[in-house]
Amino acid sequence: MKVSGGEAACYRIRLREPWQSANHTITVFELITARLRTDTGQEGVGWTFTVGTGGTAIAAFLTDDLLPLASGLDPALVERTWHTLYGAVRDAAPGGIALLGLSAVDVALWDLKAQAAGEPLYRLLGASRDRAEAYGSGINLNLPIPDLLAQFRRWRARGFRAFKMKVGSDDPRTDVERVRAVREEIGPDAILMLDANQKWTVADAVRRIRGFEPYDPYWIEEPLPAEDVAGHARLRAQIRCPIALGENLFSAAAFNEFLRHDAVDVVQPDVARVGGITPFLKIAHLAEGYGIPTAPHLVLELSGQLCCTIRLASMIEDLDGGNLTELEALEEPIRTADGYFTPPARPGHGVRFNWDALARWRAEAGHGRG
Ligand code: MG
């Protein structure tokens with residue numbers, strides 16, 4: 001089987017409500033898709049995403065470079081194909097658009113490979129379990145406390161037992177008040193994670209995190225700028241709360257720097273940002289070698305399947321309003337239930353996009369942000 005062609009598209013999906021963290025205000029979710037055809041008549045579908053910028057450039061990069069370069073390659077040889085493509089494009093951008101685009105191709109290749117094997121993706125990859133635990137996650141720094149508590153009540157009604165909220169308000173007392181209100185709402189047994197989106201210095205973070213410790217945070221996520229290995233190691237030595245990070249790291253080598261310097265407790269690779277399933281699994285297995293669990297960043301529909309394949313899996317993230325079902329991108333819904341994700345049973349990754357519904361969000365390169 002050989003790749004015989006393909007097409008890419010960018011969809012700029014406008015959110016019903018803006019999302020806000022310590023670092024971003026997000027109003028658009030960009031979904032970038034890659035459909036690969038083979039000389040045997042199969043179609044594999046891959047996708048990647050951004051939180052609002054670069055999507056049309058990624059689609060153009062796929063159309064002009066990655067998809068033509070993939071033509072003629074054998075989807076079964078995913079490792080060789082990934083490195084052939086990465087070798088061809090790496091000088092354009094290490095990380096960023098190159099890897100985001102490559103991830104869409106890599107996911108489509110794995111979809112083809114699993115379809116050809118007649119297996120659901122997670123079983124082809126060597127299943128470790130049949131379902132993955134999920135947590136309710138909110139980009140919710142903008143929500144007043146009553147609305148924040150209402151979000152947590154909705155999650156609890158859906159069966160979640162673990163939750164994540166944003167911190168990093170300008171006034172530290174505001175953060176503590178919000179965390180205290182949430183802990184009172186969910187009770188002492190629920191798991192509560194906090195995400196600062198790279199907001200603080202080490203000194204800030206030590207003070208801030210000590211203020212949260214009475215409310216038993218399960219982890220603090222991205223307390224410092226993402227690439228600061230030494231800072232995270234110094235911080236980790238001064239706090240009791242575990243540190244999670246990795247959504248803004250782009251290679252196994254970058255993760256290894258955090259792991260070998262005792263600077264992280266939970267790694268959070270993003271399957272889209274690291275370049276797809278092929279590198280994601282290497283990162284998860286590398287972390288397992290250090291005894292560190294993986295909690296994938298976003299991309300619920302793939303992250304859930306990947307967590308079913310790795311032994312040392314933590315939880316996957318079900319972003320409120322941010323999974324493909326809630327974004328109305330799918331033909332058949334894929335939802336967590338009672339706090340768990342169960343992979344689709346059909347061969348391949350089983351994610352079927354609703355191309356007709358997506359068409360209204362289609363965006364082309366060269367037309368600005370309209
Ligand atoms: Mg985060």
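**View 1. Surroundings of E185 in helix α6.** In this predicted model, E185 touches L149, R153 and R156 when residues up to four places away in sequence are not counted. E185 itself has its place in helix α6, which covers residues 172-186. As a distance reference for this view, the C-alpha atoms of E185 and P144 are separated by 15 Å, the two residues being 41 apart along the chain.

**View 2. Coordination of the magnesium ion.** The magnesium ion is coordinated by D195 through OD and by E221 and E247 through OE, at 2.0 to 2.2 Å. Along the chain these donors follow the spacing D-x25-E-x25-E. The pair D195 and E247 links distant parts of the chain, for D195 is in strand β6 (residues 191-195), whereas E247 is in the loop between β8 (243-245) and α9 (252-260), 52 residues apart. D195 counts as buried because its relative accessible area is 1%, and E247, at 5% relative accessibility, is likewise buried.

**View 3. The largest nonpolar core and the contacts of L31.** The largest nonpolar core has 116 residues, of which L31, L62, I220, I277 and F353 touch the most other members. Helix α3 (residues 96-117) gives the most to this core, contributing 12 residues. Leaving out residues up to four places away in sequence, L31 touches A9, C10, Y11, I13, W47, T48, L324, A329, F353 and L358.

**View 4. A separate core.** Apart from the largest nonpolar core lies another core, of 8 residues, which includes A162, A244, V266 and M315. In soluble globular proteins, nonpolar side chains tend to be buried together.

Conventions: Residues are numbered from 1 along each chain as its sequence is written. This is a predicted model: local features need pLDDT of at least 70, side-chain atom pairs count only at pLDDT 80 or more; totals for chains, interfaces and linings use all residues. Side-chain values use heavy atoms; hydrogens and water are left out. Donors are N, O and S atoms within 2.8 Å of the metal (3.2 Å for Na, K and Ca); water is not among the atoms, so sites may look incomplete. Helices (H or I, at least four residues) and strands (E, at least two) are DSSP runs, numbered from the N terminus. Buried means under 20% relative accessible area, exposed over 50%, partly exposed in between (1.4 Å probe, protein chains only). Contact means heavy atoms within 4.5 Å. A nonpolar core is a set of buried Ala, Val, Leu, Ile, Met, Phe, Trp, Tyr and Cys residues joined through side-chain atoms within 4.5 Å.
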